[in-house]
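Some notes on the ligand site, and on one residue in a loop, are set out below as numbered points. Please read them with the structure open.

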Amino acid sequence: MTGLPWPPLRDPLVGDEPYGAPQIDVPVQLNTNENPYGPSPEAAADIAEAVREAALTLNRYPDREASALRDALAGYLNRDGGAGLTRAQVWAANGSNEVMMQLLQAFGGPGRRAVSFAPTYSMYPEYARNSITAWVAGHRESDFSLDLVAAEKLVREVAPAVVLLPSPNNPTGTALPVEAVSLLCEAAGNGVVVIDEAYGEFRRAGVPSALEALPRHRNLVVTRTMSKAFALAGARLGYLAAAPEIVDALRVVRLPYHLSAVTQATALAALRHAPELLGRVDDLRVERDRTVSWLREQGLEVAESDANFVLFGRFADRHRIWQRLVDRGVLIRETGPEGWLRVSIGTPEEMNAFKQALTEVRAAEEEGGAA
Ligand SMILES: *Cc1c(COP(=O)(O)O)cnc(C)c1O
């Protein structure tokens with residue numbers, strides 16, 4: 001008898017629930033920051049043809065280096081803020097969540113620390129837990145920006161092996177200035193600073209990508225995903241740009257043949273259709289800015305957003321507002337600090353449905369309050 005509990009979970013996992021937003025089958029789904037516009041029939045046909053070709057050799061393991069895909073991703077990044085990036089500086093996995101988990105597996109671990117600044121992406125502490133890395137959370141200002149003096153001080157004190165910072169931040173939409181990225185890279189010493197640009201393509205004009213700072217900081221990692229702007233969440237493809245030593249470290253911890261031949265073929269075909277798949281990003285940005293203005297006109301507090309979602313509040317009972325929106329067929333996300341809700345940007349029709357439902361819910365609240 002070893003005295004292990006059943007099932008023999010590690011202590012930090014006991015009682016933890018699997019990550020994930022409630023998926024409720026309602027007509028208007030604005031809860032997971034997906035792109036509401038799917039691939040065109042032409043793009044879908046090309047992806048299907050690429051997968052058909054890959055299927056002819058599915059008896060063989062895939063290219064475990066994903067070389068052609070990493071070349072194509074480097075080419076894409078060089079058109080969106082990167083400069084002269086090559087395959088040696090690019091790494092890909094099944095979603096940027098897997099990329100970040102691999103970063104923690106390579107650079108975190110017992111006796112090491114990871115730092116982020118709350119409120120932020122709720123998966124980060126889970127990567128730390130899974131990799132037995134100590135988790136330290138600093139905080140953001142009331143407008144969700146970073147106090148750079150305090151952030152730098154925390155990073156110097158904690159000396160983390162990994163700093164995880166989304167820009168734009170989820171769930172607040174806040175982008176990080178490039179000066180802040182540089183400052184934190186310097187403060188981190190040999191610790192790795194991961195700027196998670198899952199929503200990078202939605203940033204407002206004039207807001208730079210952290211890719212610009214890559215040549216100056218060997219400890220900077222910029223992660224991206226095809227799940228959001230690229231309208232390819234179902235394919236599971238995330239990637240990063242970083243110094244070749246960092247890419248080499250990830251090759252040590254990745255599982256054999258982690259990216260299937262089907263995934264590689266799908267992503268390569270999708271990249272050939274990049275202009276089309278990304279073609280609605282401008283529309284989504286306009287719709288986002290309209291949503292921010294409209295929510296403000298309703299007298300609500302709204303966080304500045306460089307992403308495809310908007311955080312707004314504050315509600316004495318946000319769960320009730322969320323539930324009443326669900327009752328009207330609109331699913332948004334109950335996340336972020338107490339009192340706030342997050343809505344993903346959908347089509348104009350979906351946003352109209354959201355606005356109408358929220359107006360009704362708030363009117364009903366006022367009546368309820370007056371009664
Ligand atoms: C959606 C999201 C991701 C992307 O996850 P994938 O695994 O690439 O689908 C990464 N970081 C943040 C902050 C996100 O919100």
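1. A polar contact here is a pair of N or O atoms within 3.5 Å. Asn97 has a polar side-chain atom 2.9 Å from an oxygen atom of the ligand. The model is a predicted one, and the distances in this note are computed from it.

2. Two further side chains reach ligand oxygen atoms in this way. For Asn170, a polar side-chain atom lies 2.8 Å from an oxygen atom of the ligand; for Lys228, the corresponding separation is 3.4 Å. The ligand taken alone exposes 390 Å², and the protein buries 94% of that.

3. Which residues are closest to the ligand? They are Asp196, Tyr199, Thr225, Ser227 and Lys228, from a total of 13 residues that surround the ligand. By character, the shell holds 6 polar, 4 nonpolar and 3 charged residues.

4. Helix H3, residues 96-107, supplies the largest share of this shell, with 3 residues. The space that the ligand takes is the largest pocket.

5. A separate point concerns Leu58, which sits in the loop between helix H1 (41-55) and helix H2 (67-78). Is Leu58 buried, partly exposed or exposed? Its relative accessibility is 47%. The partly exposed class lies between under 20%, which is buried, and over 50%, which is exposed, so Leu58 counts as partly exposed.

6. Leu58 can also be placed relative to Asp317. The two are 259 residues apart in sequence, and their C-alpha atoms are 52 Å apart in space.

Conventions: Residues numbered from 1 in each chain as written. Predicted model: local features only at pLDDT ≥ 70, side-chain atom pairs only at ≥ 80, totals over all residues. Heavy atoms only, no water. Near = heavy atom within 4 Å. Polar contact = N/O pair within 3.5 Å; in protein donor to acceptor, adjacent residues only side chain to side chain. Areas by Shrake-Rupley, 256 points an atom, 1.4 Å probe, with all protein chains shown as cover. 1 Å grid on protein atoms, 1.4 Å probe; cavity = no way out; pocket = protein on both sides within 12 Å on 5 of 7 lines; lining within 4 Å. Sits in = over half its atoms within 2 Å of the grid points. Helix = DSSP H or I, 4+ residues; strand = E, 2+ residues; numbered from the N terminus. Nonpolar A, V, L, I, M, F, W, Y, C, P; charged D, E, K, R; others polar. Buried < 20%, exposed > 50% of the residue type's maximum accessible area, 1.4 Å probe, protein only.
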